[in-house]
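These are my notebook entries on one structure. I set out to look up its cores, its sheets and the packing of its helices.

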Amino acid sequence: MFERPDVGERAVLVHIDFTAHDGTEDPGEFRELVTSAGVEPVSTVTGSRKQPSPRFFVGEGKLEEIRDAVAANEADVVLFNHALSPRQERNIEQELKCRVLDRTGVILDIFAQRARTHEGKLQVELAQLDHMSTRLVRGWTHLERQKGGIGLRGPGETQLETDRRLLRERIKSIHKRLEKVRRQRNQGRRARQRADIPTVSLVGYTNAGKSTLFNRITTSSVYAADQLFATLDPTLRRLELPDIGPVVMADTVGFIRHLPHKLVEAFRATLEETTQATLLLHIIDSHDPRRDENIEQVEEVLAEIGADDIPMLQVFNKIDLLENFTPRIERNEEGIPVRAWVSAVTGEGLDGLFDAIVERVAEDVVHHFVLLGPADGKLRALLHEAGSVLTEEHRETGDTVVEVRLQNRDWQQLLSRAGVNEKSVRLDLGHA
């Protein structure tokens, strides 16, 4: 709907360290982002300041250095590893006479390239329009002129006002369509909940190996590549776990340091798969030097979308890149698996990971040896009907011992249907 200048193939990168600010961006990660966007970094300008300049973000001298780098390398675009205000972007463009994008713009560009499904494209377009709405004035000479000519005379509306109105209407339309997608997702989720199918959702920093691990576990063929944001659209697969039965596994979009809030908002429909999960697998690149910081960033985003209280199993991936490291499962003081060390590429440690997932999902599973008398026929029939009886042993006394394993929620429902109080259920303690 709106013309957007093409991003050039050659880019000058700008990274400034600010002594007055914590949590500066990683220049190495930004270079990966730029390469993932299909742009060739030809030069990097670095520097340090106490705080950003309100007008140009950088000082006059640094701006001159960037201008020289653009001219010397014949660059088409300047990419800042920071969030720029619309005014700063416009001022820098006017000085450098070339396209300028900030970190958010680069991430949006990657998202626009990678979105495959209708929903993913809508979410990316919404984030782009939100971002663009504050930057409409950029370098467009016709924007403030009144419309004129046949059929266009009247009370008058500047081109800028028209563009803003059209943009607002488009944003409203996308919100409606995404709301429809959200309702459809909720219906599917409610159907899974009624069928009591647990959901295991993969989350993690971008390029931690989520899709590769997802493919290994589900034997599917989701696109996986050694680049940032290879996966944008959520993928659901159904698989069978021993003692648990069917489980839905969800692969989601990767997180990144200082993920733009507009993107978190736009992808809320997708991220709801994470907020409704039974168990989160937090996939971590164990070989990444900024591993601990990446873990913190993912946990921050999970808190932002309201998924920080969901049970989590940390999966440290890529142990094949560590020297002399063997796969293992780590447990907390209560003996619950909390950390698994694996390699999605070689398959090392995946058997242990499966066992840990089963154990964590089965935390709410009831495993009893129930002593049933002749009067408990209804409960016995319901347990058989639910397919939860593992073994059955008849005693000379006329009692029957049935070994049952099922979700606690199903157990409570069966007792209610049989009209039995849980406290009155006799357990065979000899087997327990």
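**Entry 1: Phe30 and the largest core**

I began with Phe30 and listed its contacts, leaving out residues up to four places away in sequence. Phe30 touches Leu13, Leu79, Phe80, Asn81, Arg103 and Val106. I note here that the model is predicted.

Next I asked which members of the largest nonpolar core touch the most other members. They are Phe30, Leu33, Leu79 and Leu302, in a core of 28 residues. I then looked up which elements supply at least two residues each to this core. These are strand 1 (10–18), helix 1 (27–36), strand 3 (77–80), helix 4 (103–114) and helix 10 (291–304). Helix 4 gives the largest share of this core, with 4 residues.

I also found a second core, separate from the first and made of 27 residues. Ala208, Ile217, Leu239 and Val247 are among its members.

**Entry 2: the parallel sheet**

I then turned to an open sheet of 4 strands, whose order is 2-1-3-4 and whose pairing is parallel. Which strands stand at the edges of this sheet? They are strand 2 (40–49) and strand 4 (99–101); each has a single partner strand, so one side of each has no neighbour in the sheet. On average, with direction ignored, neighbouring strands of this sheet are turned by 20° against each other.

I followed strand 3 through its pairings. With strand 1 it pairs in the parallel sense over 4 bridges. Val12 has Val78 of strand 3 as its bridge partner, and Val14 has Phe80 of strand 3. On the other pairing I recorded, strand 3 and strand 4 are parallel and share 3 bridges. There, Val77 is partnered by Arg99 of strand 4.

Are the side chains of strand 3 buried or exposed? Val77 and Leu79 point one way from the strand, Val78 and Phe80 point the other way, and all of them are buried.

I next recorded the helices on this sheet. Helix 2 (residues 60–73) packs on the sheet and touches strand 1, strand 2 and strand 3. The direction of helix 2 makes about 170° with that of strand 2. Helix 3 (residues 86–96) also packs on the sheet, where it touches strand 3 and strand 4. The direction of helix 3 makes about 150° with that of strand 4.

**Entry 3: helix 7 against helix 11**

Before the next entry I wrote down a general point: two packed helices are described by the angle between their axes and the distance between the axes.

I looked up helix 7 (residues 210–218) and helix 11, and found an angle of about 80° with the axes 12 Å apart. I therefore describe helix 7 and helix 11 as roughly perpendicular to each other, because angles of 65 to 115 degrees count as roughly perpendicular. Helix 7 contributes Leu213, Arg216 and Ile217 to the contact, and helix 11 contributes Leu350, Leu353 and Phe354. I sorted these residues into 5 nonpolar, no polar and 1 charged.

I chose Phe354 of helix 11 (residues 350–361) for a further look. Phe354 touches Ile217, Leu239 and Leu241, again not counting residues up to four places away in sequence. Ile217 and Leu239 also appear in the second core. Why does Phe354 count as partly exposed? Its relative accessible area is 27%, and partly exposed lies between the limits of 20% and 50%. I also noted that the C-alpha atoms of Phe354 and Pro242 are 9.3 Å apart, although 112 residues separate them along the chain.

**Entry 4: the antiparallel sheet**

My last entry concerns an open sheet of 4 strands with the order 13-14-12-15 and antiparallel pairing. Its edge strands are strand 13 (389–394) and strand 15 (426–427), each pairing on one side only.

Strand 13 is joined to strand 14 (residues 400–407) by 5 bridges, and Thr391 is partnered by Glu403 in strand 14. Strand 12 and strand 14 are antiparallel over 8 bridges, with Val370 opposite Val402. Strand 12 and strand 15 are antiparallel over 2 bridges, with Leu371 partnered by Arg426.

In strand 12, 6 of the 8 residues are buried, so I recorded this strand as largely enclosed by the rest of the structure. Helix 12 (residues 377–385) lies across strand 12 (365–372), strand 13 and strand 14, and runs at about 145° to strand 13.

Conventions:
Residues are numbered from 1 along each chain as its sequence is written. This is a predicted model: local features need pLDDT of at least 70, side-chain atom pairs count only at pLDDT 80 or more; totals for chains, interfaces and linings use all residues. Side-chain values use heavy atoms; hydrogens and water are left out. Two strands pair if DSSP finds at least two bridges between them. Contact means heavy atoms within 4.5 Å. Axes are lines fitted to C-alpha atoms, for helices over the stretch in contact, and angles run from 0 to 180 degrees between N-to-C directions. Buried means under 20% relative accessible area, exposed over 50%, partly exposed in between (1.4 Å probe, protein chains only). A nonpolar core is a set of buried Ala, Val, Leu, Ile, Met, Phe, Trp, Tyr and Cys residues joined through side-chain atoms within 4.5 Å. Angles under 35 degrees count as roughly parallel, over 145 as roughly antiparallel, 65 to 115 as roughly perpendicular and the rest as oblique. Ala, Val, Leu, Ile, Met, Phe, Trp, Tyr, Cys and Pro count as nonpolar, Asp, Glu, Lys and Arg as charged, and the others, Gly among them, as polar.
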